[in-house]
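Biologist: Please zoom in on one part for me, the ligand site, and then work outwards to whatever borders it. Plain language is fine.

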Amino acid sequence: MSQTATFVFCAILATAYSADRKFPPGFIFGAGTSSYQIEGGWNVTDKSESIWDVFAHTPGKVRNDDNGDIACDSYNKWKDDVQMAADLGLHFYRFSLSWPRLLPTGFPNEISEDGKNYYNNLIDGLLEKGIQPVITIYHWELPQRLQNLGGWTNPSITDWFADYARVVYTLYADRVKTWITINEPIIMCDLSYNTGVTAPGIKDPLASYMCGKHVMIAHAKAWRIYDKEFKPKHKGRVSVTNQLIWFEAKTPEEEELAKLTRDLSVGLHSHPIYSKEGGWPPVIEEYIAKKSKEEGYARSRLPEFTPEEIELVKGTYDFYALNYYTGGTIRKARDGETIDPWPLSGLPELEAVIEKRPEWKKSEVYWFSVYPEGLRKQLVWLKENYGDLEFLIVENGYPSIGLNLQDLNRISCIEGHLEQILLAIKEDGINITGYTVWSLMDNFEWNEGYSIKFGLYEVDFADPARTRTPRASAHYYASVIKSHTLDVNIVENKHITDEL
Ligand code: GBH
């Protein structure tokens, strides 16, 4: 047995058998990636530049001036990725499409043969191994040409996106049954247009909410196109995924503020879709309108929805998709205190400060502390606010720094979250149907470049072959999937360990 497997053995022995640690029949497990973070092949054939190509090629924007020119080289090595997914025993693999690889002009007047074939091969390769493809249509790779036209601040983008979505449904809906339109509206709008730490790096206090509105309408148009033109024949499902940081009050006195923070961070992009009345969360709409007025604006910084737009967006879901990583406590800012806008520019808006409880386990990465209970609390909150929905967790994972195959922290983090999912299913009666580890392999972690690792597989970025090696967490996850329980016993599952 390898040293890696020995570590897994130790980790697994600590868990005792109990019927409560079994997953419901039909619960599915997957892993995720996104196009710019893994593909490379940034200038092959007719692919055009994305905002990330331009941003990462600008010195000083990304840690160590890393870029995704080659990344994991999945453009060439997709067969390895499929094999890794198969070795893990994944039920599904979540990946995203590169808009400028498929539509080099940004518009459907030209569809790239090379781009089309790349994703056809990947989809067919997965299906041959019995793995369901789950596609994110937009995971932040906007064609630069569309950014030059204003990107997500231009209302026309709702049609540009809808046209792109129709192209990809036409190409792949015969084989792909689960779709995520857009990854993390709040993060993408905030980091791209307000804090400016990610591409295209715009820092404008008005732009983030403009983006926030257009993202909702773009999603809704794409959902409705599928629902009308593709669902009757292909019977698939479409949703959008929200990044949810669980915010709770630091002290009982701060409960009101914590509630307001959740209404902004979770509610902003959930209420328009999942609530009965639709539109922005009323308390947030009022709060921002009032502040905007005080600041001397003629209208609210949060653009209004028309009644038609409210109807267009409302109900455009087939399930609730969420990404969960970490939690935070909320307290009122002291007079004159500078508020860090990460992870939400709404925090300065609300004069709210986010902190971590000292008892939460820290990771090596500053923004991440391990708080699996927050995931269960978040799911309960969502059910209370939006009803008995089906929940699909499409990202959860653990960040680390440096090369390390024996990633016991990642194992215990994943196990902790899976325990909370089981509790939410069994104790709170929440309908959670699947779980996704971010990420299948180490990749380009946006403004952090390659310095932060999320992979079940380690990738050697110094090696032109971009060799992938399973970490202990890959062995662990394969055992969980195979046994469909958290009571994985590495002795019984030894053959899996050997295979990997
Ligand atoms: C998700 O973003 C993304 O969907 C995925 O692509 C990403 O790799 C993964 O999670 C891990 O981050 O410099 O202050 O912005 C989650 C949001 C965005 C959180 C980048 C960490 C860096 C801190 N992440 N952010 S900051």
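**The ligand and its surroundings**

Modeller: Start at Asn-447, where a polar atom of the side chain sits 2.8 Å from a ligand oxygen, a polar contact in the sense of N or O atoms within 3.5 Å of each other. Glu-445 has a polar side-chain atom 2.5 Å from an oxygen of the ligand, and for an N or O atom in the Gln-37 side chain the distance to a ligand oxygen is 2.8 Å. Of the 550 Å² of accessible area that the ligand has on its own, the protein covers 97% (Shrake-Rupley, 1.4 Å probe). Before you lean on any of this, remember that the model is predicted: local features need pLDDT of at least 70 and side-chain atom pairs 80 or more, while totals for chains, interfaces and linings use all residues. Numbering runs from 1 along each chain as its sequence is written, and side-chain values use heavy atoms, without hydrogens or water.

In total, 19 residues surround the ligand, counting those with a heavy atom within 4 Å. Gln-37, Glu-445 and Asn-447 are among the closest, along with Asn-183 and Glu-395.

Now take the ligand away and look at the empty space. The largest pocket holds about 500 Å³. Here a pocket is an open set of points on a 1 Å grid with protein on both sides within 12 Å along at least five of seven lines, and a lining residue has an atom within 4 Å of a point. The 28 residues that line the largest pocket include Glu-445 and Asn-447, which lie nearest its centre together with Leu-191, Trp-342 and Trp-367. By class, that lining has 14 nonpolar, 8 polar (Gly included) and 6 charged (Asp, Glu, Lys, Arg) residues. Helix H9 joins strands S5 (237–249) and S6 (320–332) in giving at least two residues each to this lining; helices are DSSP runs of at least four residues, strands of at least two.

H9 (185–193) also takes part in a second space, the largest cavity, where H9 and helix H10 (207–234) each supply at least two lining residues. A cavity is where a 1.4 Å probe fits but cannot get out. The search turns up 6 cavities of 30 Å³ or more, and the largest has about 80 Å³ of space. Among the residues lining that cavity are Ile-186, Asp-190, Tyr-209, Leu-268, His-269 and Ser-345. Its lining splits into 6 nonpolar, 5 polar and 1 charged.

Between H9 and H10 runs a loop that contains Pro-200, and the peptide bond from Ala-199 to Pro-200 is cis, with omega near 5°. Most peptide bonds are trans, so that one is worth a look. A cis bond also joins Trp-438 to Ser-439, with omega about 20°; Ser-439 sits in the loop between strand S12 (431–438) and strand S13 (452–453). Back at H10, Lys-235 comes just after the helix and has a positive phi of about 60°.

How values were computed
Points joined across faces, edges and corners; volume = space filled by probe spheres on them. Polar contact = N/O pair within 3.5 Å; in protein donor to acceptor, adjacent residues only side chain to side chain.
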